[in-house]
Number of protein chains: 4
Amino acid sequence: MNKITILIHCKDRSNIIASVTNFIAKEGGNIVYVDQHVDREQNIFFMRLESEFTKDSFSTDDFKESFKNTLVNGFDMKWRIYSSEVKPKMALFISKYDHCLYDLLGRYNSGELNLEIPFIVSNHLDLKPIADNFKIPFHHIPVTKDTKNDAENKQLELLEAHRIDFIVLARYMQIVSGKLISKYPNKIINIHHSFLPAFVGAKPYHSAYKRGVKIIGATSHYVTEELDAGPIIEQDVAHVSHTHSIQDLIAKGRDLEKIVLSNAVKLHANRKVMVYNNKTVIFS
Amino acid sequence: MNKITILIHCKDRSNIIASVTNFIAKEGGNIVYVDQHVDREQNIFFMRLESEFTKDSFSTDDFKESFKNTLVNGFDMKWRIYSSEVKPKMALFISKYDHCLYDLLGRYNSGELNLEIPFIVSNHLDLKPIADNFKIPFHHIPVTKDTKNDAENKQLELLEAHRIDFIVLARYMQIVSGKLISKYPNKIINIHHSFLPAFVGAKPYHSAYKRGVKIIGATSHYVTEELDAGPIIEQDVAHVSHTHSIQDLIAKGRDLEKIVLSNAVKLHANRKVMVYNNKTVIFS
Amino acid sequence: MNKITILIHCKDRSNIIASVTNFIAKEGGNIVYVDQHVDREQNIFFMRLESEFTKDSFSTDDFKESFKNTLVNGFDMKWRIYSSEVKPKMALFISKYDHCLYDLLGRYNSGELNLEIPFIVSNHLDLKPIADNFKIPFHHIPVTKDTKNDAENKQLELLEAHRIDFIVLARYMQIVSGKLISKYPNKIINIHHSFLPAFVGAKPYHSAYKRGVKIIGATSHYVTEELDAGPIIEQDVAHVSHTHSIQDLIAKGRDLEKIVLSNAVKLHANRKVMVYNNKTVIFS
Amino acid sequence: MNKITILIHCKDRSNIIASVTNFIAKEGGNIVYVDQHVDREQNIFFMRLESEFTKDSFSTDDFKESFKNTLVNGFDMKWRIYSSEVKPKMALFISKYDHCLYDLLGRYNSGELNLEIPFIVSNHLDLKPIADNFKIPFHHIPVTKDTKNDAENKQLELLEAHRIDFIVLARYMQIVSGKLISKYPNKIINIHHSFLPAFVGAKPYHSAYKRGVKIIGATSHYVTEELDAGPIIEQDVAHVSHTHSIQDLIAKGRDLEKIVLSNAVKLHANRKVMVYNNKTVIFS
């Protein structure tokens, strides 16, 4: 049994759904999931399908070729097709905060995440023991003003050597350069510790405390060149009051960051996110 | 332009999605919405589609006939097809509490609800002035132990005379008999003031206070013969603490009841709810 | 039985709590509620007490005088003392949106709000029928660029003539001038339809849609000269997704606005809010 | 600087607050926190105070003695006084599920929990490596029908030898006997994976799935003889839909269980919980 996931977006017009489902039926597939969305402002059509193929001779590559020839050109589609047999490879970039790391590795260990983690990169050695405990290769790549470029080249080498599909900045605390971003467009997931677009940049809990908000939040988004302005994948919030000090906000925020980041990672790894126009369509 | 909504459920098997979408394409329809669900435990397939037809000669009745002959028998489908031109007719049953009534009529007035309210029934006269303000016919049908049967017959007469599609018990405070339920299966929506299945029956806020829960809730469900045990459409909750008296719980609960009931009404009126096995599938 | 509420804030130092509670005991009061807070960053102490006095000869004015002489100077306190017999007077400023108006008047009618509403002011006539239904005097004061100053003078006349304690802008849609703000400092409550500080200013739901946020919010705050930057009283949020159009966000937002504004009004009317440093302490 | 926390409850009557605060002032203490609650139904008064003492000669034991002689008898108080220098000792009882264990130990490691964990007990060996990683002594005490009594005696020996203050059942999966409960009344914290009182007993996620609820929850409560019926400390919920399988509910529930249990542990360890009448007063 082969199973594939298809993601499509294109200009909206008549008969896309019927054409795609009909094509899959002709190829011998049984559609087990379909969801679609139309952005009426932009007139863009989005679709996500999962289809099963029982015939032994099925080949994902052949299907892709046929899909391209039959459908893609006619509808001028952007498309991606994934085999369920291939787990995406995720690189973890960390710094000194351990809460998102513990949370992701705990879920990874328990089989909750449908992905592989070939390695962890950090600019500090502090969290190496955790990587060791979970038996994940740890690469220490220090970053200073002067070595930033070299460091990034080393990171890129590692990413390419392991054929990494996407990168997760689990409170990495470093600004990633345009070079890395352009090589992994909409494939670098960050966790920002505020409900964006409020409190962009450094020390958002301090700003939230100063402003006297009654709700704090966390936001997971794809990294783009503009700081904390990329497409939002997931957000969550928690109520706070005047009784909470900045330290309390930071502690409460840790729980938000963990859940928001791991949810975003799951959505991405399960190919449920489509990006356009600096926004996301989430087929959950 | 004609627009129809199709709801289907049947035993799961191959090619349902392709068959249905293909049929609609052949009938000249453009599918603008499709969502589907498979209950893997029960092996049941559910689908909701919206399709637009631009040809002048389109007739919903003809389409239904063709749909039935082409698809229904082969897949042994349960199905419903609605024209978007026909708004469902909702009867409101109320008693003495006004909060859900104000909320629903306010939304009705502002055009938020896609339905008609031909009349309101109450066993008391207290809320007649509100019905009058909103210019909705009000029928006073008192209910006592002795007159319960007669009262229900009068209700049934009204419901049939106005070809009511579904009934909303907006804190009606009377137990509806099996006769009414059997005539409107999965078409009577109740709001219960607890997060079911906790605190079934009378005075749930008193029970919640006594148990010392830290969360209260409200549940909107279809009425079945078993009290407060019908298929759940919508639930929501609010945090409470030891500082809240029973009166505070009741006041907080009112806000929950309003929102939960109006959401359930909107889901039902927009044909987004399917019922099976005493549960709901909500295509929202 | 007389009951008073005391609000105090001053520089933090030893023995404030004991001094105040001791003073009340000596005056024959029984403290039935006490809560306090210390802002450790600013070193400010806040306290809220409720005390009952059973002796017939009790006079709130005498108590205030005695309180002032005995405590206020020594601790350099800012203080307010309210008799529970006096309900605060609230003026409602509205424009064309009716949802917050319906919500507040529904709660007012049902006895949920501990306040009086002597009149409603609007720059449009659209909502006069609602005020009439609820039998609240309605004053139509149109506002144009040229008449803005005159309009505000008329508003001030009304506010003073009715000895209004605080003003609620229930989606008033006009920027209030510094003259009005300075006469009612921390006594003008606004509802802003975003989770501040995100999306300050006009059309926040449009901005939220454009940014692709997964959570929308509403914020009730005191009005200060800087737009949407006053002390926050209450906030709440709702989850949204790519399926929600701007119109959907506006509809969902209405429910948030109603609840957030009415909660803020209740907190203020029950003398549970203290303001300092552009933030609030909420003794709820 | 010495700091103590005082918890009091007694029949409500006049002058309790003033008497207590006055007493503390006379003993040379500066009250830095006070909160109180009156259960009007039961006529019971509750208070929590924190007070600092700067004089070198301060002794918590002397203060307790003086407190008892001066106040306790007159008001017939139940009372507890804790020195902030003494961290409570918590024993962790676990079985095979690791998520609550990882969560608690992660927080313990990061200094978020104000307590000590002298040892972990489990009826299985599966999670020993985690205890080892965090360098916490692990005691394997198997439990079978026949050995249950012996096992409990071993547990009691350990608890007494380490002068354990409270026990946390972090998904321990065994019913604790009346003997243990009576030795640690309101000192055994359990996490139940439903929003109690819904779905008492085994397999609540299966029951929630079957009932078709739209919200699942988790509840942390003190263990009493009646199963899942003890005083509730903390609850939280998450929205679910028809798309969630039982496995999805279990996964979503794990995140709830972790947060709810760790919050309950923090409230208990910080002496913020008072129990009466099978309910809790939480001074948070």
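User: Through what surface do the copies in chain A and chain C meet?

Analyst: This is a predicted model, so first the ground rules: local features need pLDDT of at least 70, side-chain atom pairs count only at pLDDT 80 or more, and totals for chains, interfaces and linings use all residues. Residues are numbered from 1 along each chain as its sequence is written, chains are lettered from A and ligands numbered from 1 in the order in which they are written, and side-chain values use heavy atoms, with hydrogens and water left out. Now the case. The copies meet through the same surface, because 100% of the interface residues of chain A are also interface residues in chain C. Contact here means heavy atoms within 4.5 Å.

User: What turn and what shift lay chain A on chain C?

Analyst: The general idea: two copies of a chain are related by a rotation about an axis and a shift along it. Copies are superposed by least squares on the C-alpha atoms of residues with pLDDT of at least 70 in both. Here a turn of 180 degrees and a shift of 0.0 Å along the axis lay chain A on chain C, with an RMSD of 0.0 Å. That is the relation of a two-fold axis.

User: Which residue of chain A comes closest to the rotation axis?

Analyst: Ala198(A) does, with its C-alpha at 2.3 Å.

User: How much area do chain A and chain C bury between them?

Analyst: The size of an interface is often given as the accessible area lost when the parts come together. The area is taken with a 1.4 Å probe and summed over both parts. Chain A and chain C bury about 2,700 Å², 57% of it on carbon and sulfur atoms. Arg211(A), Lys214(A) and His242(A) supply 26% of the area that chain A buries against chain C, more than any other three residues. In contact terms, 34 residues of chain A meet 34 residues of chain C.

User: How many salt bridges and how many polar contacts cross from chain A to chain C?

Analyst: A salt bridge is a side-chain nitrogen of Lys or Arg within 4 Å of a carboxyl oxygen of Asp or Glu. A polar contact is a pair of N or O atoms within 3.5 Å; within protein, one must be able to donate a hydrogen and the other to accept it, and residues adjacent in sequence count only if both atoms are side-chain atoms. Across this interface there are zero salt bridges. There are 18 residue pairs in polar contact (both at pLDDT 80 or more).

User: Which elements give two or more residues to the side of chain A that touches chain C?

Analyst: Elements are DSSP runs, numbered from the N terminus: helices (H or I) have at least four residues, strands (E) at least two. The contributors in chain A are strand E2 (29-39), helix H7 (204-211), strand E11 (232-239) and strand E13 (279-282). E11(A) gives the most, with seven residues. By class, this side has 16 nonpolar, nine polar and nine charged residues. Ala, Val, Leu, Ile, Met, Phe, Trp, Tyr, Cys and Pro count as nonpolar, Asp, Glu, Lys and Arg as charged, and the others, Gly among them, as polar.

User: What turn lays chain D on chain B?

Analyst: A turn of 180 degrees, with a shift of 0.0 Å along the axis and an RMSD of 0.0 Å. Ala198(D) has the C-alpha nearest the axis in chain D, 2.3 Å from it. Again one surface serves both copies: 100% of the contact residues of chain D recur in chain B. The two chains bury about 2,700 Å² between them. Arg211(D), Lys214(D) and His242(D) supply 26% of chain D's buried area against chain B. The salt bridge count between chain D and chain B is zero.

User: How many salt bridges are there over all chains?

Analyst: The count comes to 48. One of them pairs Arg107(C) with Asp255(B), the closest N and O atoms being 2.7 Å apart. Arg107(C) lies in helix H3 (residues 99-109) of chain C and Asp255(B) in helix H8 (residues 246-269) of chain B, so the pair joins two chains.

User: Where does UniProt place the ACT domain in chain A?

Analyst: UniProt (unreviewed entry) places it at residues 5-83. Positions follow the numbering used here, feature names are shortened, and annotations may be inferred rather than shown by experiment. The end C-alpha atoms of that span lie 6 Å apart, and the span is 34% helix and 43% strand.

User: Where is Asp12(A) found?

Analyst: Asp12(A) sits in the loop between strand E1 (2-11) and helix H1 (16-26) of chain A. Beyond its neighbours within four places in sequence, Asp12(A) contacts Val38(A), Arg40(A), Asn43(A), Ile44(A) and Phe45(A).
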